[in-house]
Amino acid sequence: MAKATVKDIEGIEYLCTGCGACAIACPTGALMMDRDAEGFDQPAIDNEKCIACSVCIKCCQVDNEPNENEPIQVAGCYASDPVARAAGSSGGVFGLLADTVQKQGGVVFGAVYDAATRSVVHRSSEEVDLARILRSKYAQSDARSCYRDVEAALKFGRRVLFCGTPCQIAGLSLYLGDMRDNLLAVDFFCHGVPSPGMFSDYVRLKESRRGVPVTDVTFREKEHGWREQHMRWYYADGAVEEEASLDNCQYFFFLHNYSLRRSCYDCDLYRRHLSDVTLADYWLIDEENDDDLGTSLVLANTRKGEAALASLGGAVTEVPVKGFDMSVYRHGYAVSKREEFFSVLADAGVEAVCGDYFEKEHARMARMNRLRNAGGGHSVPPSAGLGD
Ligand SMILES: Cc1cc2nc3c(=O)[nH]c(=O)nc-3n(C[C@H](O)[C@H](O)[C@H](O)COP(=O)(O)OP(=O)(O)OC[C@H]3O[C@@H](n4cnc5c(N)ncnc54)[C@H](O)[C@@H]3O)c2cc1C
């Protein structure tokens with residue numbers, strides 16, 4: 001595919017991943033990220049302030065494809081400590097890497113649910129407990145506020161672990177330039193990121209139905225098994241609401257590719273291994289090794305990543321990975337329903353999208369899945385994929 005280029009950052013349009021590196025790098029504050037009609041953040045320039053220095057273009061992954069790595073090591077594993085394993089979405093390997101970096105005096109950055117803004121944002125282990133950074137959150141995270149903090153910590157000679165989507169790793173890498181020796185960059189096989197605007201509206205809807213604020217939300221509770229995940233909603237009055245993830249509209253529209261960012265559908269960054277370590281759910285684990293408690297597939301993409309994994313020693317238990325083939329993994333592909341979904345959202349709002357529309361689509365998908373006899377889970381081989 002021909003490499004896309006943009007003359008100015010606003011021309012990037014649907015190619016923009018929303019990593020926000022351009023906005024943070026802008027020396028005059030001329031570049032802001034504005035919410036578009038689908039609820040995603042897009043760059044917008046204030047021409048009064050712009051000095052045409054092109055720093056934004058230099059940080060843009062669309063114009064500057066970051067270097068690609070070939071994985072050095074592929075392992076299937078999980079945290080040997082059952083509590084650490086249960087705390088992660090898959091095998092809890094991220095938590096182990098994060099603990100190690102913290103014990104070395106380093107700082108960890110990852111995504112948390114922020115009740116004040118009803119959104120997913122990146123925070124450091126110095127701002128919030130590490131426990132809040134663990135586990136997958138299925139809305140696009142705003143990582144912008146962290147890039148400068150990562151830079152500052154690295155300048156102080158501290159070790160930094162930053163975990164994010166492959167596009168956030170690409171944006172951060174371009175923003176930091178050569179300053180990456182002490183950075184352990186971790187990403188994951190990314191299915192794509194759902195609309196953060198829709199997510200905030202949905203949280204508001206939950207709050208208005210119950211009459212109290214939501215204080216936290218989790219997407220991957222594993223008490224019923226790794227494959228039968230549950231979401232949990234925590235309210236200010238102490239109530240906790242639990243529902244099967246696949247029966248929840250936010251999760252459903254994510255998993256079935258209705259609500260993803262436009263750039264996600266053609267994204268190949270997760271195949272390019274830009275990070276030091278890539279994590280994934282090891283959905284293709286052999287039946288005999290699958291205890292349904294969660295197992296990670298882990299790729300070491302660089303020598304630094306390999307050393308970080310080696311340093312975990314007996315804290316991880318390995319399971320065999322036979323004949324790993326990256327080509328069977330793929331992220332969310334475009335569905336014709338996407339346009340319909342966003343037009344219902346724009347015209348009738350989240351109440352309709354998560355009401356009648358969700359019920360109709362949920363029933364339709366259940367019918368199709370019965371016919372195809374396909375299971376749940378994401379980024380499984382195309383033969384088991386969930387279609388349009
Ligand atoms: C949006 C999204 C899509 C994913 N798609 C797939 C997939 O298709 N196939 C697959 O095998 N695995 C996918 N994963 C990864 C998988 O869910 C696990 O996160 C991964 O296996 C690591 O598990 P763990 O138990 O080691 O760590 P965990 O404790 O689960 O750590 C997860 C890490 O991801 C970070 N994170 C969570 N949510 C976000 C977010 N919205 N944006 C940026 N960073 C975030 C957390 O801060 C934490 O650092 C996806 C994750 C996310 C967030």
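# A guided tour, starting at helix H12

The buried residues of helix H12 are Tyr-357, Phe-358 and Glu-361. Please select these three residues to begin. They lie on the same side of H12, because they cover an arc of only 85 degrees around the helix axis. The structure on display is a predicted model.

**Stop 1: the rest of helix H12**

Extend the selection to residues 356–372, which make up the 17 residues of H12. From its first C-alpha to its last, this helix reaches 24 Å, close to the 24 Å expected at 1.5 Å a residue. Next, turn to the face directed away from the buried side. The exposed residues on that face are Asp-356, Glu-359, Lys-360, Ala-363, Ala-366, Arg-367, Arg-370 and Leu-371. Which helices help to cover the buried residues of H12? Select residues 249–255 and residues 337–353: helix H9 and helix H11 are included in that cover.

**Stop 2: the whole chain**

Now display the entire protein chain. The chain has twelve helices and 13 strands. Along its principal axes, the C-alpha trace spans about 55 × 55 × 50 Å. A compact globule of 388 residues would have a radius of gyration near 21 Å, and the 20 Å of this chain agrees with that value. Of the 388 residues, 45% are buried. Consider also the contacts in the chain with a separation of 6 or more: residues 24 or more positions apart account for 68% of them.

Colouring by confidence is useful at this point. The chain averages a pLDDT of 91, and 94% of the residues score at least 70. Select residues 374–388, however, and the pLDDT stays under 50 throughout. For this segment the model has 27 contacts beyond four places in sequence.

**Stop 3: helix H8**

Select residues 196–210, the 15 residues of helix H8. The distance from the first C-alpha of H8 to its last is 21 Å, close to the 21 Å expected at 1.5 Å a residue. The buried residues of this helix are Pro-196, Gly-197, Met-198, Phe-199, Tyr-202, Val-203 and Lys-206. What do these residues of H8 pack against? Their partners are strands E1, E5, E8 (214–221) and E9 (230–235), together with helices H9 and H11. Just after H8, select Gly-211, which takes a positive phi of about 85 degrees.

**Stop 4: strands E4 and E5**

One of the strands packed against the buried residues of H8 is E5, so named on the display as residues 119–124. Five of the six residues of E5 are buried, so this strand is largely enclosed by the rest of the structure. Add strand E4, residues 107–114. E4 and E5 pair in the antiparallel sense over six bridges. Within this pairing, Phe-109 stands opposite Ser-124 in E5. The hairpin of E4 and E5 has four residues between the strands, and Arg-118 takes a positive phi near 50 degrees there.

**Stop 5: strands E1 and E2**

Another strand packed against the buried residues of H8 is E1. Select residues 31–35 for E1 and residues 41–45 for E2. These strands pair in the antiparallel sense over five bridges, and the bridge partner of Met-33 is Pro-43 in E2. The two strands form a hairpin with five residues between them. In its turn, Gly-39 has a positive phi of about 90 degrees.

Remain in E2 and select Asp-41. Is Asp-41 buried or exposed? Asp-41 is buried, because 21 other C-beta atoms lie within 10 Å and the cut-off for a buried residue is 20 or more. Not counting residues up to four places away in sequence, Asp-41 touches Gly-18, Gly-20, Met-33, Asp-34, Arg-35 and Asp-142. Cys-16 is 25 residues from Asp-41 along the chain, and their C-alpha atoms are separated by 9.1 Å.

**Stop 6: two loop residues**

Select Val-328, in the loop between strand E13 (316–319) and H11. Val-328 is partly exposed, with 13 other C-beta atoms within 10 Å. Leu-284 is 44 residues away from Val-328 in sequence, and 10.0 Å away in space from C-alpha to C-alpha.

Finally, select Gly-177, in the loop between helix H7 (166–176) and strand E7 (183–188). Gly-177 counts as exposed because it has 10 C-beta neighbours inside 10 Å, and the cut-off for an exposed residue is 12 or fewer. Gly-177 and Phe-342 are 165 residues apart in sequence, and the distance between their C-alpha atoms is 37 Å.

Key:
Residues are numbered from 1 along each chain as its sequence is written. This is a predicted model: local features need pLDDT of at least 70, side-chain atom pairs count only at pLDDT 80 or more; totals for chains, interfaces and linings use all residues. Two strands pair if DSSP finds at least two bridges between them. pLDDT is the predictor's confidence in each residue, from 0 to 100. Two residues are in contact if their C-beta atoms, placed from the backbone, lie within 7 Å. The radius of gyration is taken over C-alpha atoms; the globule rule is 2.2 Å times the number of residues to the power 0.38. The expected span of a helix is 1.5 Å times one less than its number of residues. The arc is that of the directions from the helix axis to the C-beta atoms.
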